[in-house]
There are 2 protein chains.
Amino acid sequence: MHATLRDANPPLTRSVEDYLKAIYHLSNQGGFAATSDIAAMLEVAPPSVSGMVKRLSETGLIEHVPYRGVQLTAQGRRAALKMIRRHRILELYLTQQLGYDWGGVHAEAEQLEHAVSDELIERMAGTLGNPQYDPHGDPIPTAAGEIEEAELVSLAEAGVGAKLELRQVGTQDPARLRYFAEQGLTPGVLLTVTDRQPFNGPTTIALVPSGDPRVVGRELALLLWCREVPVEQHGHASH
Amino acid sequence: MHATLRDANPPLTRSVEDYLKAIYHLSNQGGFAATSDIAAMLEVAPPSVSGMVKRLSETGLIEHVPYRGVQLTAQGRRAALKMIRRHRILELYLTQQLGYDWGGVHAEAEQLEHAVSDELIERMAGTLGNPQYDPHGDPIPTAAGEIEEAELVSLAEAGVGAKLELRQVGTQDPARLRYFAEQGLTPGVLLTVTDRQPFNGPTTIALVPSGDPRVVGRELALLLWCREVPVEQHGHASH
DNA sequence: TCTGAAACTTAGACTAGTCTAATCTTTGCC
DNA sequence: GGCAAAGATTAGACTAGTCTAAGTTTCAGA
Ligand SMILES: [Mn+2]
Ligand SMILES: [Mn+2]
Ligand SMILES: [Mn+2]
Ligand SMILES: [Mn+2]
């Protein structure tokens, strides 16, 4: 064993952890993450991404096809899911135990995720009762690296007449999150689609059971991910 | 305003924050912190310290007298006390809210102190009732940067017969802390010094009120910082 | 007063991560 | 099928932080 050999498994740096998360989010369902999309998500210049991509593929965390994009290896995916678990448990802990609102929580978790130990995360998860979803409805990966894959439909694409449960809110923007909260649009809410205007027009919904109407423009409707609710009529299960 | 000018007040890096804390701890009561002591405390080589010292004095956080040592400026002291507040609130929060024992808490706080926001620290402090002391009895600086300066005597130097209150435990070593906890030697405990053997020998104490005896070697006794308790006899205040 | 050891600084190299400017590749469109 | 624009990579520079090796300063003791 030569003293000059690099440490075989050095701990990942803050930057590397954020790159892996970004690549995970951008390469859903087996696709490639593009250099420019990673750069935009992390707010760095594209050449910075090219440089990091080189290092990450040398260490076996990603697969790089030049001019095509990158994908996580199994090892890289494990590391990404670990960070996502940390991030989402932190978000939930901050909202439930320390009074954060769901808009402010993302920025704080973005920093803390790199500093917490496994032990701290598991203690937080225990305090919270080993939760399944974060404040925005996103599934929390298990400590073993499993994550729920739900088929959800965006409110902008849901059919008129559909009865839906709002499951996930697909933004971290504090202003948009605050607006959704004001409108009562938080994960778990039931609603029916009552109208959609043509030419990318707004969707009108009625909250269940209050019946309160809401009009949601396409930009925001695309952020509201819903599950179709089987319509149960007076205790009769649908067939 | 030229775009080429460096940001006037960039946020401090993790390294800088740890250097400032180390210098604070090493330059108590107006003295100088020595390069080699800073290096030992941070586990870096002395030339790394010389390099950092140059940068820190250029940014006005410390004063450097070559070959003599360094001192914090007012600005550097403010920054150091802010980090110490963070560290101690984190330690207390982790022990009181998340079930950490006082041995494991230091390493976790050492990382988190660089990642938490002011808002998070103040929320934690609020949850804890704006506490004055951390789990090891160390005073927590206020948000305004005030810190209590107590005159304490080490158990190794206290006179035989003295009645003392254990106030601070001056180590972060998990093994030593665990041992102290086993022996019932935690901040707040009352005791009397019953014996001291010569030639740097052990100190024998009796816990109050149980009377249980403990024998403490000099190395550990030097870590136990105590306050003299005015001896009140059956309700008679001492004159 | 000299001298040698300890402490400190300087010199020079290296890594991680970032940037701008210049140079490929790919691809949609005429 | 050719070409221009978009996207990606390479080239080269820079900062922060670390190291080892080599020189400089201080100071206690002979
Ligand atoms: Mn992050
Ligand atoms: Mn979230
Ligand atoms: Mn630290
Ligand atoms: Mn402490």
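## Where the DNA sits

Four helices each put at least two residues into the surface near DNA strand D: α2 (35-42) and α3 (46-58) of chain A, along with α1 (14-26) and α3 (46-58) of chain B. Keep in mind that this is a predicted model. The biggest giver is α3(B), which brings four residues to that surface.

What kinds of residues make up the surface near DNA strand D? Sorted by class, there are 11 nonpolar, seven polar and two charged ones.

## Closest residues and phosphate contacts

Strand D has 20 residues around it, and the ones that come nearest are His64(A), Thr13(B), Ser48(B), Arg55(B) and Arg68(B). On the DNA side, sugar and phosphate make up 75% of the strand D atoms that come within 4 Å of the protein.

Some of those nearest residues also reach phosphate. In chain A, the side chain of His64(A) has an N or O atom 2.5 Å from a phosphate oxygen of DNA strand D. Chain B joins in with two arginines: a side-chain N or O atom of Arg55(B) lies 2.5 Å from a phosphate oxygen of the strand, and for Arg68(B) the distance from such an atom to a phosphate oxygen is 2.5 Å too.

## The manganese site

Now to the metal. Which protein residues hold the manganese ion (ligand 2) as donors? They are Glu91(A) through OE, Asp134(A) through OD and His136(A) through ND1, at 2.0 to 2.3 Å from the ion.

Along the sequence, these donor residues follow the spacing E-x42-D-x1-H. As for their surroundings, Asp134(A) and His136(A) are both buried.

Technical notes
Residues numbered from 1 in each chain as written. Chains lettered and ligands numbered in written order. Predicted model: local features only at pLDDT ≥ 70, side-chain atom pairs only at ≥ 80, totals over all residues. Heavy atoms only, no water. Donors = N, O, S within 2.8 Å, 3.2 Å for Na, K, Ca; no water. Buried < 20%, exposed > 50% of the residue type's maximum accessible area, 1.4 Å probe, protein only. Near = heavy atom within 4 Å. Polar contact = N/O pair within 3.5 Å; in protein donor to acceptor, adjacent residues only side chain to side chain. Nonpolar A, V, L, I, M, F, W, Y, C, P; charged D, E, K, R; others polar.
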